[in-house]
Amino acid sequence: LEESLLQRNQIEVDLQLDPKARYIFSKSLIILVLINLIKNACEAMVAVRIPHKKIRIKASENDTQWILE
């Protein structure tokens with residue numbers, strides 16, 4: 001992700017990954033998904049001029065599924 005996009009628009013990213021979760025995706029695939037989510041969120045926040053810009057992505061797992069919020 002272009003670092004200047006985050007810096008230029010003063011956007012904070014908070015990535016919370018559950019260290020106990022068993023992630024079954026390839027590392028490169030999940031990185032592409034996260035980059036796309038963050039880029040889309042940046043563009044949306046800049047478009048509506050949100051004053052405090054923070055993207056929080058939380059990944060966890062329960063008994064039956066992997067959850068990305």
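Visitor: In which loop is Gln10 found?
Guide: This is a predicted model. Helix α1 covers residues 3-8, and strand β1 covers 11-17. Gln10 is found in the loop between α1 and β1.

Visitor: Is Gln10 buried or exposed?
Guide: The relative accessible area of Gln10 is 65%. The cut-off for exposed is over 50%. Gln10 therefore counts as exposed.

Visitor: What is the phi of Gln10 near?
Guide: Most residues other than glycine have a negative phi. Gln10 is a residue other than glycine, yet its phi is positive. The value is near 50°.

Visitor: In what order do the elements of the protein run?
Guide: The protein has 2 helices and 3 strands. Start at the N terminus and read along. The order is α-β-α-β-β.

Visitor: Which strands are the edge strands of the sheet?
Guide: The sheet is open, with 3 strands in the order β1-β2-β3. An edge strand here pairs on one side only. That description fits β1 (11-17) and β3 (66-68).

Visitor: In what sense do β1 and β2 pair, parallel or antiparallel?
Guide: Strands of a sheet pair through backbone hydrogen bonds, in one sense or the other. Strand β2 holds residues 53-61, and 7 bridges link β1 and β2. Two of the partnerships are Gln16 with Lys58 and Leu17 with Ala59. The sense of β1 with β2 is parallel.

Visitor: How many residues lie between β2 and β3 in their hairpin?
Guide: β2 and β3 pair in the antiparallel sense, over 3 bridges. One partnership joins Ser60 to Ile67 of β3. The sheet as a whole is mixed in its pairing. Between β2 and β3, the hairpin has 4 residues.

Visitor: What does the twist average from one strand to the next?
Guide: The sheet has 3 strands, in the order β1-β2-β3. Go from one strand to the next along that order and take the average twist. The twist averages 5°.

Visitor: At about what angle does helix α2 run to β2?
Guide: Helix α2 holds residues 27-48. This helix lies across β1, β2 and β3. Against β2, helix α2 runs at about 150°.

Visitor: Which element gives the most to the largest nonpolar core?
Guide: The largest nonpolar core has 9 residues, including Leu5, Ile11, Leu34, Met45 and Ile57. Elements that give two or more residues to this core are α1, α2 and β2. One of them gives 4 residues, the most of any. That element is α2.

Visitor: Which residues does Ile55 touch, beyond those up to four places away in sequence?
Guide: Ile55 is one of the 9 residues in the largest nonpolar core. Core residues Ile11, Ile38, Cys42 and Met45 are among its contacts. The full list is Ile11, Glu12, Val13, Asp14, Ile38, Ala41, Cys42 and Met45.

Visitor: Is Asp14 buried or exposed?
Guide: Asp14 lies in strand β1. The cut-off for buried is under 20% relative accessible area. Asp14 has 18%, so Asp14 is buried.

Visitor: Which side chain does a polar contact of 2.8 Å join to that of Asp14?
Guide: Asp14 touches Lys54, Ile55, Arg56 and Ile57, leaving out residues up to four places away in sequence. The partner in this polar contact is not in that list. The 2.8 Å contact joins the side chain of Asp14 to that of Gln16.

Visitor: Is Glu69 buried or exposed?
Guide: Glu69 is found in the segment after β3. Beyond its neighbours within four places in sequence, Glu69 is in contact with Arg56, Ile57 and Lys58. Its relative accessibility is still 55%. With the cut-off at over 50%, Glu69 counts as exposed.

Visitor: How far apart in space are Glu69 and Lys39?
Guide: In sequence, Glu69 and Lys39 are 30 residues apart. In space, the distance is taken C-alpha to C-alpha. Glu69 and Lys39 are apart by 15 Å.

Visitor: What share of the 69 residues is buried?
Guide: The C-alpha atoms fill a box of roughly 40 × 20 × 15 Å along the principal axes. The protein exposes about 5400 Å², with 54% of it supplied by carbon and sulfur atoms. Of the 69 residues, the buried share is 22%.

Conventions. Residues are numbered from 1 along each chain as its sequence is written. This is a predicted model: local features need pLDDT of at least 70, side-chain atom pairs count only at pLDDT 80 or more; totals for chains, interfaces and linings use all residues. Side-chain values use heavy atoms; hydrogens and water are left out. Two strands pair if DSSP finds at least two bridges between them. Axes are lines fitted to C-alpha atoms, for helices over the stretch in contact, and angles run from 0 to 180 degrees between N-to-C directions. Contact means heavy atoms within 4.5 Å. Buried means under 20% relative accessible area, exposed over 50%, partly exposed in between (1.4 Å probe, protein chains only). A polar contact is a pair of N or O atoms within 3.5 Å; within protein, one must be able to donate a hydrogen and the other to accept it, and residues adjacent in sequence count only if both atoms are side-chain atoms. Accessible areas come from the Shrake-Rupley method with a 1.4 Å probe; for residues, only the protein chains shown count as cover. A nonpolar core is a set of buried Ala, Val, Leu, Ile, Met, Phe, Trp, Tyr and Cys residues joined through side-chain atoms within 4.5 Å.
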